[in-house]
Amino acid sequence: MTIDPNTFKIDLEDELATQRFAEDLALTIKQGDCIALSGDLGAGKTTLTRAVLRAMADQQGLEVPSPTFTLVQQYDLRIPIGHFDLYRLGDPSEIFELGLDDILSDGAAFIEWPEMAEEELPKDLIHLKMTGLDDQRSINITGPHSFMVRLERSIRIRTFLNESGYEKASRRFLLGDASTRTYERMIHSNSDPMILMNLPKMADGPIIKDGKTYSEIAHLAEDVLPFVAIAKYLRDIGLKAPEIYHSSFDDGFLIIEDLGAEKPINNQNVPITERYELAIDVLAKLHNHNTISSIEIDADHTHVIPHYDTQIMQMEIELLPDWYLSFKQGTAADPTDKTSFIEIWRQLFEKLASSEKALVLRDYHSPNIIWRPEADGLDQIGIIDFQDALIGPSAYDVASLCQDARVTVSAELEDLLLERYIQIRILLDEHFDEHMFRQSYAIMAAQRASKVIGIFVRLNLRDKKPEYLKHIPRIEQYLERVMRHEVLKPLRKWLEEAQILQSES
């Protein structure tokens with residue numbers, strides 16, 4: 001496959017090249033994409049569409065009939081897909097009767113013979129003009145800038161795979177998260193499946209405070225270097241993070257070990273006690289190591305680990321008055337209330353100054369923990385998604401697990417895990433301060449809950465993702481639970497006055 005960067009022309013030499021390009025295209029498709037395929041009979045429009053749909057379904061035997069007579073076929077895949085053939089369309093306006101608008105509101109569409117309704121198609125149409133016969137064909141691609149950027153990056157991934165020795169690798173969508181990071185599952189010959197991480201270098205966002213962007217203040221990973229470094233450190237101390245097989249620091253591509261898909265929860269989304277106990281043992285081992293400040297990968301790459309400082313923590317807790325409070329009360333938060341909230345937290349942050357510091361993985365909870373039943377001991381816990389790791393209070397990750405934001409951890413299980421962690425730490429370190437740790441745990445659990453509950457509301461209101469609202473009652477319950485600690489008494493009073501918690505009196 002060759003690409004002319006001036007015209008974005010793609011030449012496909014054989015059936016395998018067509019199959020690989022179909023996979024590359026399948027991974028770029030997003031909600032709202034309308035892809036028009038034009039070309040003479042035999043140019044391969046249906047062949048390419050069929051290959052894309054099979055790649056999206058991860059099912060090479062998926063039946064994909066030509067919609068020549070039905071005019072449209074629909075498929076429930078990663079996103080809903082409509083496959084249209086307009087050759088027999090009587091009138092251009094009939095395309096709306098076929099449900100194009102409805103399909104594009106939730107998914108994407110492939111349209112053969114778009115010339116039959118050209119004036120009725122979306123203005124941001126993605127156009128694939130195909131020429132050639134049999135297995136050899138060329139495709140000229142035009143489309144909106146956002147799509148062309150996506151496609152160009154997908155094709156760059158294919159080049160990276162080829163250069164890394166995986167010319168015949170198949171690519172399948174695995175996961176996209178809240179950032180620009182995406183994951184694919186790679187299948188190559190008879191080898192075990194691998195994961196491809198795609199993390200484009202982040203563009204600078206808006207300045208929000210002290211001349212810095214949110215990413216700069218929060219020390220979010222802006223390339224793959226932190227992931228590689230933290231994975232190396234975790235493996236060096238005997239914990240199970242993915243092996244890094246191939247990397248491109250400049251492009252932001254990694255080929256890494258696939259640790260599996262089984263989680264520490266059951267089919268009813270309930271924590272499995274034994275798995276959470278082993279996950280807390282992993283933290284106890286991690287925190288028993290001396291804190292490090294930097295990790296050298298090679299002569300050209302060293303990662304300096306940022307600190308989880310007060311500026312980050314304050315920015316995170318402000319999510320509660322900025323988003324959750326107005327959502328809860330139905331009106332904008334009073335600036336005076338926010339000022340008093342911040343002052344309470346300033347005093348709490350001062351109490352953290354002497355707390356134990358360790359490597360904070362930052363999101364150590366069920367979505368980022370892999371259960372590996374084939375392994376032994378602590379290797380049964382696979383750790384992923386740690387690229388934003390910082391140096392901060394060791395209690396943070398303990399709170400992240402014991403008050404898992406995505407599944408409900410009962411008060412009994414939380415107490416069990418916390419006590420187990422403390423007893424292991426006492427056994428490993430005679431200088432471990434249980435009283436100080438319990439105080440730090442209460443503060444960091446409250447801090448994380450304040451952040452998460454604000455993020456979930458923001459995802460609903462700003463990003464139109466209402467599915468996160470189902471987690472709100474759980475976080476409210478966690479807040480209620482942790483507020484029993486004496487150190488949080490002023491914060492509890494504020495939450496009661498804001499009618500977030502019920503008064504204990």
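These are my notes on the charged side chains and overall build of one predicted model.

Ground rules. I number residues from 1 along each chain as its sequence is written, and side-chain values use heavy atoms, with hydrogens and water left out. As the model is predicted, I accept local features at pLDDT of at least 70 and side-chain atom pairs only at pLDDT 80 or more, while totals for chains, interfaces and linings use all residues.

Entry 1, overall build. I counted 16 helices and 21 strands in the chain (DSSP runs numbered from the N terminus: helices are H or I with at least four residues, strands E with at least two). The C-alpha atoms fill a box of roughly 75 × 50 × 45 Å along the principal axes. The radius of gyration is 26 Å, which agrees with the value near 23 Å for a compact globule of 505 residues (taken over C-alpha atoms; the globule rule is 2.2 Å times the number of residues to the power 0.38). Buried residues make up 51% of the 505 (buried is under 20% relative accessible area, exposed over 50%, partly exposed in between, with a 1.4 Å probe and protein chains only).

Entry 2, salt bridges. I found 36 of them (a side-chain nitrogen of Lys or Arg within 4 Å of a carboxyl oxygen of Asp or Glu). D11 and K9 form one of these, at 4.0 Å from N to O. D11 is partly exposed at 24%, and K9 is partly exposed at 31%.

Entry 3, R156. I looked up its partners. R156 pairs with E152 at 3.2 Å; both lie in helix α5 (residues 145-163), 4 residues apart, about one turn of the helix. R156 is partly exposed at 32%. R156 also pairs with D251, the closest N and O atoms being 2.7 Å apart. D251 sits in the loop between β14 (244-248) and β15 (253-257), so this pair ties together parts that are 95 residues apart in sequence.

Entry 4, network. I noted that R20, E23, D24, D58, R158, R171, R172 and E184 are linked in a network of salt bridges.

Entry 5, surface charge. I found E13, D14, E15, D134 and D135 gathered in a patch of negative charge (patch residues have over 30% relative accessible area and no salt bridge, and like charges are joined within 9 Å). E13 lies in the loop between β2 (9-12) and α1 (15-26) and is partly exposed at 38%.

Entry 6, H435. I placed H435 in helix α14 (residues 434-461), exposed at 60%. Its C-alpha atom is separated by 20 Å from that of V360, 75 residues apart along the chain.

Key
Patch = residues over 30% accessible without salt bridge, like charges linked within 9 Å, V, L, I, M, F, W, Y side chains within 5 Å. Areas by Shrake-Rupley, 256 points an atom, 1.4 Å probe, with all protein chains shown as cover. Lys, Arg positive; Asp, Glu negative; His and termini not counted. Charge placed at Lys NZ, Arg CZ, Asp CG, Glu CD.
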